[in-house]
Amino acid sequence: KLRMFGIPIEGTANIYCDNEAVYKNVAIPSSVSSKKMHSISYHFCQEEVAAGIVRIAKEDAATNLVDLFTKVLAKLKRDELLDRFMY
């Protein structure tokens with residue numbers, strides 16, 4: 001999106017994904033989407049990866065900081081994730 005707004009970005013943009021199916025369908029060129037409605041999006045993403053514009057990486061659920069804002073977590077798990085970016 002930043003490139004679409006005219007903001008220059010040097011190098012490859014990193015995209016971290018915690019969904020195994022999405023990661024496999026986008027990162028592995030021989031993978032084929034089983035859903036017709038998703039095939040255009042997957043095709044676009046696969047082209048971006050092949051062109052070196054973006055890089056897809058798998059993010060484990062144990063280290064995914066986004067879970068702090070999207071899921072109800074146990075106190076121990078929440079504190080562990082908060083400690084990664086707070087002082």
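K75 and D79 sit four residues apart in helix α4 (residues 75-83), so about one helical turn separates them. Their side chains meet in a salt bridge, with 2.7 Å from N to O. K75 is exposed, at a relative accessible area of 55%, while D79 counts as partly exposed at 26%. That pair is a friendly place to start a tour of this structure, which is a predicted model.

## The overall plan

Let us step back to the whole chain. The protein has 87 residues, and 17% of them count as buried. Its secondary structure consists of four helices and two strands. Reading from the N terminus, the order of these elements is β-α-α-β-α-α.

How much of the contact pattern joins residues 24 or more positions apart? Among contacts with a separation of 6 or more, such pairs account for 40%. On the outside, the protein exposes about 7100 Å², and carbon and sulfur atoms supply 62% of that area.

## Two salt bridges

Side chains of opposite charge can pair when their charged atoms come close. How many salt bridges are there in this model? The count comes to two. One is the K75 and D79 pair described above, and another joins the side chains of K71 and D67. The table sets them side by side.

| Salt bridge | N to O distance |
|---|---|
| K75 and D79 | 2.7 Å |
| K71 and D67 | 3.5 Å |

In the second row, is D67 buried or exposed? D67 is buried, since its relative accessible area is 5%, and buried here means under 20%. Its partner K71 counts as partly exposed, with 45% relative accessibility.

## Around helix α3

D67 deserves a further look. This residue is placed in helix α3. Setting aside residues up to four places away in sequence, D67 touches D18, A61, L73 and L81. Computed along the chain, D67 and R78 are 11 residues apart, and in space their C-alpha atoms are 8.7 Å apart.

T70 is found in helix α3 too. Unlike a buried residue, T70 is exposed, with a relative accessible area of 54%. The side chain of T70 reaches the backbone oxygen of V66 at 3.2 Å.

## A buried charge without a salt bridge

E59 is found in the loop between β2 (54-58) and α3 (67-70). Which side chain of opposite charge is nearest to E59? It is R84, 4.8 Å away. A salt bridge needs the nitrogen and the carboxyl oxygen within 4 Å, so this distance does not qualify. E59 is therefore buried yet has no salt bridge.

E59 does have a polar partner, though: its side chain makes a polar contact with the side chain of T63, at 2.6 Å. Leaving out neighbours within four places in sequence, E59 is in contact with Y16, C17, D18 and N64. D18 is a name to remember here, for D67 touches D18 as well.

## Helix α2: a buried and an exposed residue

Helix α2 spans residues 36-51 and contains E48. At 18% relative accessibility, E48 counts as buried, because the cut-off for buried is under 20%. Beyond residues up to four places away in sequence, E48 touches I53 and V54.

A50 lies in helix α2 as well, but A50 counts as exposed, at 70% relative accessibility. Where does A50 stand relative to A27? The two are 23 residues apart in sequence, and 8.9 Å lies between their C-alpha atoms.

## A nonpolar patch at the surface

The tour ends towards the start of the chain. Which residues form a nonpolar patch on the surface? They are L2, F5, I7 and I9, and together they have about 400 Å² of accessible area. One of them, I7, is found in the segment before β1 (13-17). With 42% relative accessibility, I7 counts as partly exposed.

Key:
Residues are numbered from 1 along each chain as its sequence is written. This is a predicted model: local features need pLDDT of at least 70, side-chain atom pairs count only at pLDDT 80 or more; totals for chains, interfaces and linings use all residues. Side-chain values use heavy atoms; hydrogens and water are left out. Buried means under 20% relative accessible area, exposed over 50%, partly exposed in between (1.4 Å probe, protein chains only). Contact means heavy atoms within 4.5 Å. Accessible areas come from the Shrake-Rupley method with a 1.4 Å probe; for residues, only the protein chains shown count as cover. Patches are made of residues with over 30% relative accessible area and no salt bridge: like charges are joined within 9 Å, nonpolar side chains (Val, Leu, Ile, Met, Phe, Trp, Tyr) within 5 Å. Lys and Arg count as positive and Asp and Glu as negative; His and the chain ends are not counted. A polar contact is a pair of N or O atoms within 3.5 Å; within protein, one must be able to donate a hydrogen and the other to accept it, and residues adjacent in sequence count only if both atoms are side-chain atoms.
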